[in-house]
Amino acid sequence: MSKRNIAISLPSTGEEEWLATKESILSGWLTQGPKVAEFEKQFAQYHGVKQAIATTSCTTSLHLILVAMGIGPGDEVLVPAFTWVATANIVMYCGATPVFVDVDPKTNNIDISRIAEKVTNRTKAIIVVHLFGLCVDVAAVREKLPPQVKVIEDAACAAGAKIDEKYAGSLGDAAAFSFHPRKVITTGEGGMITTNDEDLAVMMTKLRNHGAEISEEQRHQGPKPYLLPDFNILGFNYRMTDLQGSVGLSQLAKLEQFIKERQRWAQYYCEVLADIDWLGLPEVPANVSHSWQAFVLYIDPQKAPMTRNQMMEQLQELGISTRPGTHAVHMLNYYKTQFTLTDADYPGARACNDNTMAIPLHNKMNADDYQYVVNALQMIV
Ligand SMILES: *Cc1c(COP(=O)(O)O)cnc(C)c1O
């Protein structure tokens with residue numbers, strides 16, 4: 001097979017997204033407005049939750065959730081040690097302390113058996129991360145926690161993912177999704193909060209819009225033009241634009257199809273790569289519907305014929321782009337120095353940091369691309 005160039009991930013946007021954006025531009029309503037409202041409504045319906053609140057990113061979504069929950073200095077928030085750095089950063093934004101919990105290298109997700117030992121009387125919340133689109137068993141997590149501890153889902157990778165027929169975003173007290181182009185559906189940048197807690201939703205809606213008591217739309221449509229909103233709390237500007245809302249609506253309509261296609265190719269990878277003994281394949285419990293934001297392998301350093309990094313270089317030369325799964329946050333310089341941590345503190349996270357490798361899987365790949373990736377991996381001896 002001749003040389004190909006296969007990206008680790010590509011957004012699946014096209015004519016529909018372009019036309020949707022154009023409609024918003026021509027409408028003259030550019031900031032958060034009717035398209036965002038419709039996107040929120042449909043996103044909430046799809047994920048089986050009462051409320052969805054669009055924002056500028058998953059990071060700002062998580063920030064709003066923590067602020068609305070009243071988390072601040074002196075409070076502790078449990079966070080898996082292997083996740084995108086934003087999960088821990090937002091705890092720092094609030095002046096609270098992230099307390100790391102090790103992960104299980106078999107799932108890349110939080111090791112539920114290690115949660116209880118980290119709980120103190122300062123623990124206010126836990127952020128569970130459905131990493132790469134694999135849902136954490138949130139019911140099992142709750143059993144390890146005192147009832148007043150809030151469970152927040154970092155569902156950045158998990159739009160459309162399910163466990164026990166319940167969608168990500170409906171499992172905890174609140175959840176945050178990402179629409180960065182690296183995720184299954186995208187709005188360029190963008191995020192969404194979901195929750196069934198009406199009071200929390202009201203609070204987050206205000207916090208998103210500078211803390212204003214009424215929204216821009218209400219104000220513009222309202223009968224009293226002299227009224228400016230009242231501000232009783234310190235808020236932010238985390239509003240999504242209607243251009244993004246339009247793109248989001250087009251993308252959401254394709255989510256199910258995108259995931260089906262990803263599931264089919266993930267299964268293909270798992271079947272044809274099964275007999276490579278140094279390769280750890282992702283395992284999906286029977287009650288889970290994985291959204292496959294990324295397909296992440298575990299390279300066994302004892303058995304593999306070369307290091308993971310050498311392998312990544314070799315694949316790059318063949319035109320196949322790969323990435324480490326993500327990073328161990330406790331190994332990043334900022335966290336190391338803030339909390340005097342060493343790499344060995346979280347062995348599961350360290351193993352994932354050093355040995356995971358995401359290979360291409362996205363909705364712009366064809367059968368020949370997948371075959372090419374498989375051939376390249378089979379040639380590694
Ligand atoms: C992508 C990602 C984020 C950040 O999402 P943004 O929308 O870019 O802020 C946070 N957590 C996890 C697990 C992610 O994968």
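Which oxygen or nitrogen atom of the ligand lies 2.7 Å from a polar side-chain atom of K183? Keep that in mind as you open the model, which is a predicted one.

**Stop one: the ligand**

Select the ligand and K183 together. The partner of the polar side-chain atom of K183 is an oxygen atom of the ligand, and the two lie 2.7 Å apart. While the ligand is on screen, note how much of it is covered: on its own it has 390 Å² of accessible area, and the protein covers 90% of that.

Now add D154 to your selection. Here a polar side-chain atom of D154 is 2.8 Å from a nitrogen atom of the ligand. Next, add C58 and look at its backbone: a polar backbone atom of this residue is 2.9 Å from an oxygen atom of the ligand.

Widen the view to the whole shell. There are 14 residues around the ligand, and those that come nearest are C58, T59, D154, S178 and K183. Colour the shell by type and you should find 6 nonpolar, 6 polar and 2 charged residues. If you display pockets, look for the largest one, as the ligand takes up that space.

**Stop two: helix 3**

From C58, move along to helix 3, which spans residues 58–68. Is this helix largely enclosed or open? It is largely enclosed by the rest of the structure, because 9 of its 11 residues are buried. Select them to see for yourself: C58, T60, S61, L62, H63, L64, I65, L66 and A68.

Then zoom in on the two ends. At the start of helix 3, show S57 and T59: a side-chain oxygen of S57 comes to within 3.2 Å of the backbone nitrogen of T59. After the helix comes G70, and its phi is positive, near 75 degrees.

**Stop three: K35**

Select K35 in helix 2, the helix of residues 34–47. Its relative accessibility is 24%, so K35 counts as partly exposed. Add A253 and draw a line between the two C-alpha atoms: they are 14 Å apart in space, although the residues are 218 apart in sequence.

**Stop four: L234**

Finish in the loop between helix 7 (216–221) and helix 8 (242–272), where L234 is found. Is L234 buried or exposed? With a relative accessible area of 73%, L234 is exposed. Show H210 as well: its C-alpha atom is 6.8 Å from that of L234, and 24 residues separate the pair along the chain.

Key
Residues numbered from 1 in each chain as written. Predicted model: local features only at pLDDT ≥ 70, side-chain atom pairs only at ≥ 80, totals over all residues. Heavy atoms only, no water. Near = heavy atom within 4 Å. Polar contact = N/O pair within 3.5 Å; in protein donor to acceptor, adjacent residues only side chain to side chain. Areas by Shrake-Rupley, 256 points an atom, 1.4 Å probe, with all protein chains shown as cover. 1 Å grid on protein atoms, 1.4 Å probe; cavity = no way out; pocket = protein on both sides within 12 Å on 5 of 7 lines; lining within 4 Å. Sits in = over half its atoms within 2 Å of the grid points. Nonpolar A, V, L, I, M, F, W, Y, C, P; charged D, E, K, R; others polar. Buried < 20%, exposed > 50% of the residue type's maximum accessible area, 1.4 Å probe, protein only. Helix = DSSP H or I, 4+ residues; strand = E, 2+ residues; numbered from the N terminus.
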